[in-house]
Amino acid sequence: MGGTLCKMDGRHRDAPDDGYGTGGCLGGAQYMLSLTFNAPKGAFDRPDQYLFQGKSVDDLWFPFHMNQRFFALTQVPDSTFASYDVVKNPTIEADFKRFKTHLATLFP
């Protein structure tokens with residue numbers, strides 16, 4: 001908590017309720033997620049779907065994003081990549097092509 005990743009949690013004794021999570025030391029660094037799911041793409045972002053109840057992939061990964069934010073990392077905008085339905089309906093070659101295109105778009 002007092003080293004390379006962060007300098008404590010960012011709060012100060014004079015305002016202990018403010019600033020939590022602002023002590024990160026990795027400002028300027030960015031990250032992206034590349035994920036695989038057995039769930040089909042249609043299971044996300046749709047309120048009528050039972051399990052995820054309209055939540056997006058990034059919504060489900062909110063705790064991870066907050067951990068990165070705690071260390072002052074920022075997500076590359078629109079960078080989350082997901083392969084869906086990888087067990088029951090895999091499209092491996094198409095996923096690799098999509099990933100390559102995704103990276104080329106984010107990092108020209």
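1. Ser 56 lies in the loop between β2 (34-36) and α1 (57-60). This placement, like every value in this note, comes from a predicted model. With a relative accessibility of 17%, Ser 56 counts as buried, because the limit for that class is under 20%. Setting aside residues up to four places away in sequence, Ser 56 touches Phe 44 and Asp 45. The C-alpha atom of Ser 56 is separated by 22 Å from that of Lys 100, a residue 44 positions apart from Ser 56 along the chain.

2. The next point concerns the nonpolar interior. The largest nonpolar core has ten residues. Its members are Leu 33, Leu 35, Phe 37, Ala 39, Ala 43, Phe 44, Phe 52, Val 57, Ala 82 and Tyr 84. Phe 44, a contact of Ser 56, is thus named in this core as well. For Ala 43, another member of the core, the contacts beyond neighbours within four places in sequence are Gln 49 and Phe 52.

3. Aromatic residues recur in the core. Phe 37, Phe 44, Phe 52 and Tyr 84 form one aromatic cluster, and these four residues are also listed in the largest nonpolar core. The structure as a whole holds nine aromatic pairs.

4. Which geometry does the pair of Tyr 31 and Phe 64 adopt? The ring centres are 5.8 Å apart and the planes stand at 75°, so the pair is edge-to-face. The pair links distant parts of the chain, with Tyr 31 in strand β1 (residues 30-31) and Phe 64 in helix α2 (residues 62-70), 33 residues apart. Tyr 31 is buried, at a relative accessible area of 12%, whereas Phe 64 is partly exposed at 28%.

5. Phe 64 also pairs with Trp 61. Here the centres are 5.7 Å apart and the planes are at 80°, so this pair too is edge-to-face. Trp 61 is partly exposed, with a relative accessible area of 30%.

6. Ser 83 merits a separate entry. The residue is found in strand β4 (residues 81-83) and counts as buried, at 8% relative accessibility. The side chain of Ser 83 makes a polar contact with the side chain of Asp 95, at 3.4 Å. Leaving aside neighbours within four places in sequence, Ser 83 is in contact with Leu 35, Thr 36, Phe 37, Asp 95 and Arg 98. Among them, Leu 35 and Phe 37 belong to the largest nonpolar core.

7. Finally, the cysteines should be addressed. How many disulfides does the structure hold? The number is zero. Cys 6 is in no disulfide, and the nearest cysteine sulfur, that of Cys 25, is 6.3 Å away. Cys 25 is likewise in no disulfide, its nearest cysteine sulfur being that of Cys 6. Why do Cys 6 and Cys 25 not count as a disulfide? A disulfide requires the two sulfur atoms to be within 2.5 Å, and the separation in the model is 6.3 Å, so the criterion is not met. In accessibility, Cys 6 is buried, with a relative accessible area of 3%, whereas Cys 25 counts as partly exposed at 30%.

Methods: Residues are numbered from 1 along each chain as its sequence is written. This is a predicted model: local features need pLDDT of at least 70, side-chain atom pairs count only at pLDDT 80 or more; totals for chains, interfaces and linings use all residues. Side-chain values use heavy atoms; hydrogens and water are left out. Buried means under 20% relative accessible area, exposed over 50%, partly exposed in between (1.4 Å probe, protein chains only). Rings of Phe, Tyr and Trp (its six-membered ring) pair if their centres lie within 6.5 Å; planes under 30 degrees apart count as stacked, over 60 as edge-to-face and the rest as tilted. Helices (H or I, at least four residues) and strands (E, at least two) are DSSP runs, numbered from the N terminus. A polar contact is a pair of N or O atoms within 3.5 Å; within protein, one must be able to donate a hydrogen and the other to accept it, and residues adjacent in sequence count only if both atoms are side-chain atoms. Contact means heavy atoms within 4.5 Å. A nonpolar core is a set of buried Ala, Val, Leu, Ile, Met, Phe, Trp, Tyr and Cys residues joined through side-chain atoms within 4.5 Å.
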